[in-house]
Amino acid sequence: MAVTTRVHPSRPAPGAIRAAARVLRAGGLVAFPTETVYGLGADALNQAAVKKIFAAKGRPATNPLIVHLSDSGAARELAGEWPAPAGALAKAFWPGPLTLVVPKRPEVPDQVTAGLGTVALRVPAHPVATALLREARLPLAAPSANRSGEVSPTTAAHVERALGDAVDMILDAGSTEVGIESTVVDLTGRWPVLLRPGGVSLERLRSVVGRLEVQEGAGEPGVAQSSPGTLARHYAPRAKLRIVERAALARLGQHQGRVGAVVLGAAGLSANARIIRLPDDPAGYARGLYAALHELDDSGCDLILVEGVPDTPGWEAVRDRLRRAAEVSPAAGLS
Ligand code: TXA
Ligand code: MG
């Protein structure tokens, strides 16, 4: 079972960070908070350590990992090339919830990149992540700290429940701020391409790079992807999940079994169901979404009804995650 150490989210105790860095330097696994979700970290340059990540998550070896660095200088050291838009995006959004895919240097192991000639790099903004990266003096490969395909963790308790036996140490700094994963942008082609919507909105990216293509299928499940994490089978709770109109929520009681619901804003709903209200702004909603899905799953719901979110700019990452969660759900035939 992992050792969970509580740390202050903005001023983590140096002793705890040193202990975690020792585990990482010895080839162990440490789950740590980032501003998006908790990551499952290992020394990105140690092949045996990286293999442990895949084993712990049950992750296919074909799905490459994001490498986390303490600053953009360290990121550039792992990049074979650093295209102009990479510089502009790094300057605008690092540290922060943005991941840049660039050609890799040979020293990045094939396990990390799933054999691709490119590497995904991110400088996270969470003070605990930063402290750990600085103390360990290592690039850290870190996917979200959940079992492959399941909902990402936004608290240390989520990590413990999913991976407690497989990780050496968990740094617990409370709930993460952004709540959904980083935006992934591919910079290896002629134009920057959005592979996964996330913590930095499309609008904000375009304000920096101008032209940004959206990979066909990024945001649409079921389409062949060059970024495997954007496959449909991701971010799903154990319960069936359906996206519904507000009106359908009134019929909550008609469903067999235990039903949960996620609604927008201050809905005047009362029903024989577990109802979680999330803020009606995209940032507030994203912050609470995964915790809501974990909670409904853990309370034994077999169906989760989620009120549809607005189809307006700023909501694309939330819409993407909800669509994927619903896509893998066998609930389509239910009313
Ligand atoms: O916010 C986040 O990004 C979190 C925190 C821990 O940093 N990490 C995260 O990692 O979400 P993961 O492994 O769950 O998702 C990584 C995504 C996947 O969609 C993966 O396919 C993509 O990044 N990716 C990684 N390397 C890539 C590469 N070389 N080319 C294209 N996509 C890549
Ligand atoms: Mg993930």
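## Helix H4 and its buried face

Helix H4 spans residues 84-93, and its buried residues are Ala86, Leu89, Ala90 and Phe93. Viewed down the axis of H4, these buried residues fall within an arc of 100°, so they line one face of the helix. Ala84 and Lys91 sit on the other side of H4, and both are exposed. This is a predicted model.

What do the buried residues of H4 pack against? Their partners are two helices and two strands: helix H3 (72-76), helix H8 (202-209), strand S5 (98-103) and strand S9 (183-186).

## A cis proline after H4

The loop between H4 and S5 contains Pro95. The peptide bond from Trp94 to Pro95 is cis. Its omega is near -10°. Strand S5, which follows this loop, is also one of the elements that the buried residues of H4 pack against.

## Two residues with positive phi

Ala114 has a phi near 55°, a positive value in a residue other than glycine. Its place is the loop between helix H5 (110-113) and strand S6 (118-122). Is Ala114 buried, exposed or partly exposed? Its relative accessible area is 26%, so Ala114 counts as partly exposed. The cut-offs behind that call are under 20% for buried and over 50% for exposed.

Arg137 also has a positive phi, near 50°, and is likewise a residue other than glycine. Arg137 lies in the loop between helix H6 (127-136) and strand S7 (140-141). With a relative accessible area of 65%, Arg137 is exposed.

## The chain as a whole

The protein chain has 11 helices and 15 strands. Its radius of gyration is 19 Å. A compact globule of 335 residues would have a value near 20 Å, so the chain agrees with that expectation. Along the principal axes, the C-alpha atoms fill a box of roughly 55 × 45 × 35 Å.

Of the 335 residues, 57% are buried. Contacts often span long stretches of sequence: among those between residues at least 6 apart, 67% join residues at least 24 apart.

## Surface and charge

The protein chain exposes about 13900 Å². Carbon and sulfur atoms supply 49% of that area.

How many positive and negative side chains does the chain have? There are 37 positive and 32 negative ones. The centres of the two sets lie 2 Å apart.

How values were computed:
Residues numbered from 1 in each chain as written. Chains lettered and ligands numbered in written order. Predicted model: local features only at pLDDT ≥ 70, side-chain atom pairs only at ≥ 80, totals over all residues. Heavy atoms only, no water. Helix = DSSP H or I, 4+ residues; strand = E, 2+ residues; numbered from the N terminus. Rg over C-alpha atoms; globule rule 2.2 N^0.38 Å. Buried < 20%, exposed > 50% of the residue type's maximum accessible area, 1.4 Å probe, protein only. Contact = heavy atoms within 4.5 Å. Areas by Shrake-Rupley, 256 points an atom, 1.4 Å probe, with all protein chains shown as cover. Lys, Arg positive; Asp, Glu negative; His and termini not counted. Charge placed at Lys NZ, Arg CZ, Asp CG, Glu CD. Arc of directions from axis to C-beta.
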